[in-house]
Amino acid sequence: MEKVLEPTASTQREEQILVRITGQDRPGLTASVMAILAKYDAQILDIGQADIHSTLSLGILIRMDEMHSGQVMKELLFKATELNVNIGFSPISDDEYEDWVGHQGKNRYILMVMGRQLEAKQIEAATRVIANQGLNIDSIIRLTGRKSIKNPTKHGRACIEFSLRGEPKDRQDMQRQFLKLSAEMEIDFSFQRDDMFRRMRRLICFDMDSTLIQTECIDELAERAGVGAEVRAITESAMRGEIDFKESFTRRVSLLKGLDVSVMQDIAEHLPITEGVDRLMTILKRCGYKIAILSGGFTYFGEYLQRKYGIDYVYANELEVDENGKLTGRYVGEIVDGHRKAELLKLIAQVEKVNLAQTIAVGDGANDLPMISEAGLGIAFHAKPRVVANAKQSITTIGLDGVLYFLGFKDSYLGDQGKL
């Protein structure tokens with residue numbers, strides 16, 4: 001019997017083949033394919049799989065000797081017929097492969113598109129911006145859970161993550177385009193560099209009024225003191241950045257003179273908590289984040305939230321109270337303004353031995369911009385137009401738990417807490 005000689009190292013030639021499989025997903029499909037490839041010692045150069053509504057799309061880039069490639073494809077075709085899936089093959093030349101490898105060294109970014117619900121026109125608009133910037137989409141992942149059609153939730157949310165490769169042609173123009181789409185189509189965008197810090201955040205600092213709670217505490221106090229309209233006008237002017245925060249704060253506090261301090265407890269117990277806060281705080285604490293409130297509001301309300309959620313740090317303003325339990329119209333100590341918030345973020349990061357790139361700041365007003373700019377991830381939350389325009393990230397369409405998606409969380413990671 002004639003012996004078949006194996007090819008020697010000098011004569012053996014190898015080639016790359018891209019294997020594409022689509023069809024109804026089922027347990028063991030990938031294992032069956034790999035068993036055939038393993039029998040012929042195929043190298044796996046790349047592999048990727050997606051599953052949409054139980055429909056599989058699997059791609060495998062293999063390298064093997066040419067002598068066995070025909071037999072491998074034949075066996076894979078038989079297996080595909082047996083499994084009732086579609087299979088295709090594409091040869092990849094050495095030059096094509098090396099060109100592909102060279103592109104892997106490019107910068108990588110993550111774009112998140114988020115809203116109450118996402119429609120084709122919104123995805124089309126987002127991907128058009130990506131294409132015009134010369135960025136390539138490597139993968140698309142849904143971060144939010146699948147919604148029920150028969151039993152829709154009150155506060156729906158949808159978030160898709162795009163993994164991008166390349167460098168934007170004009171990042172500022174891209175941000176302007178996303179900002180325009182956000183306003184026109186009721187969606188939010190988060191564009192972040194995909195580096196080691198993106199999933200390693202450790203410290204998160206929140207503004208309190210109009211961020212963690214859906215009110216301004218000073219406005220609530222002013223209503224009780226009968227000066228609501230005057231204080232609201234000053235507050236709104238300060239939030240728009242039209243007047244200095246220290247000046248506005250001093251003027252507003254002076255209008256509270258004579259108010260009985262006992263009203264603060266009633267206000268605290270009826271604070272309107274922002275949508276998503278309970279879920280967000282539960283998950284952040286479970287995952288070991290350090291949490292701080294850095295507020296231009298008042299310590300009494302910050303400490304109430306601290307007890308409620310187990311918050312680690314609270315820095316806010318202290319109202320002076322006279323011997324009769326009345327507010328004097330003055331404050332005690334240094335005002336926590338925008339500059340002080342940025343200082344406190346850096347100080348807490350230093351105390352906790354956290355790299356500044358691992359910090360997050362969330363706020364809505366002009367006095368939050370310094371800490372939003374200083375943090376590794378700064379987020380404007382349901383913020384004034386000036387703040388949104390100056391923050392790299394913003395949330396305007398859903399609750400505060402949208403922050404979790406900016407941190408890379410998926411609802412499927414969160415178990416029952418993901419449904420809070």
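Which residue in E11 does Ile-293 stand opposite? Select Ile-293 in this predicted model, and the residue across from Ile-293 in E11 proves to be Val-314.

**Strand E10 and its partners**

Extend the selection to strand E10, residues 290-298. Eight of its nine residues are buried, so the strand is largely enclosed by the rest of the structure. The term "buried" denotes here a relative accessible area under 20%.

Next, add strand E11, residues 313-321. E10 and E11 pair in the parallel sense, with four bridges between them. Then display strand E9, residues 203-206, which also pairs with E10 in the parallel sense over four bridges. To inspect one of these positions, select Leu-203 together with Lys-290, its bridge partner in E10.

Now add helix H11, residues 299-309. Together with E10 and E11, helix H11 makes a β-α-β unit, and this unit is right-handed.

**Helix H1**

Move to helix H1, residues 29-39, and select Leu-29, Val-33, Ile-36 and Leu-37, which are buried. Looking down the axis of H1, one finds its buried residues within an arc of 95°, so they line one face of the helix. Show strand E1 (14-24), E2, E3 and H2 as well, since the buried residues of H1 pack against these elements.

For the face turned away from the buried side, select Ala-31, Ala-38 and Lys-39, which are exposed. After H1 comes Asp-41, a residue with a positive phi near 55°.

**Two further positive phi angles**

Most residues other than glycine have a negative phi. Against that background, two loop positions merit a visit.

Where does Ser-54 lie? Ser-54 is in the loop that joins strand E2 (43-52) to strand E3 (55-65). Its phi is positive, about 65°, although the residue is not a glycine. Ser-54 has a relative accessibility of 38% and therefore counts as partly exposed, the category that lies between the 20% and 50% limits.

The last stop is Asn-84, in the loop between helix H2 (66-83) and strand E4 (86-92). Asn-84 is likewise not a glycine, and its phi is positive at about 60°. Is Asn-84 buried or exposed? With a relative accessible area of 63%, Asn-84 is exposed, because the threshold for that class is over 50%.

How values were computed
Residues numbered from 1 in each chain as written. Predicted model: local features only at pLDDT ≥ 70, side-chain atom pairs only at ≥ 80, totals over all residues. Heavy atoms only, no water. Helix = DSSP H or I, 4+ residues; strand = E, 2+ residues; numbered from the N terminus. Buried < 20%, exposed > 50% of the residue type's maximum accessible area, 1.4 Å probe, protein only. Arc of directions from axis to C-beta. Contact = heavy atoms within 4.5 Å. Pairing = 2+ DSSP bridges. Right-handed = clockwise from strand over helix to strand, strands pointing away.
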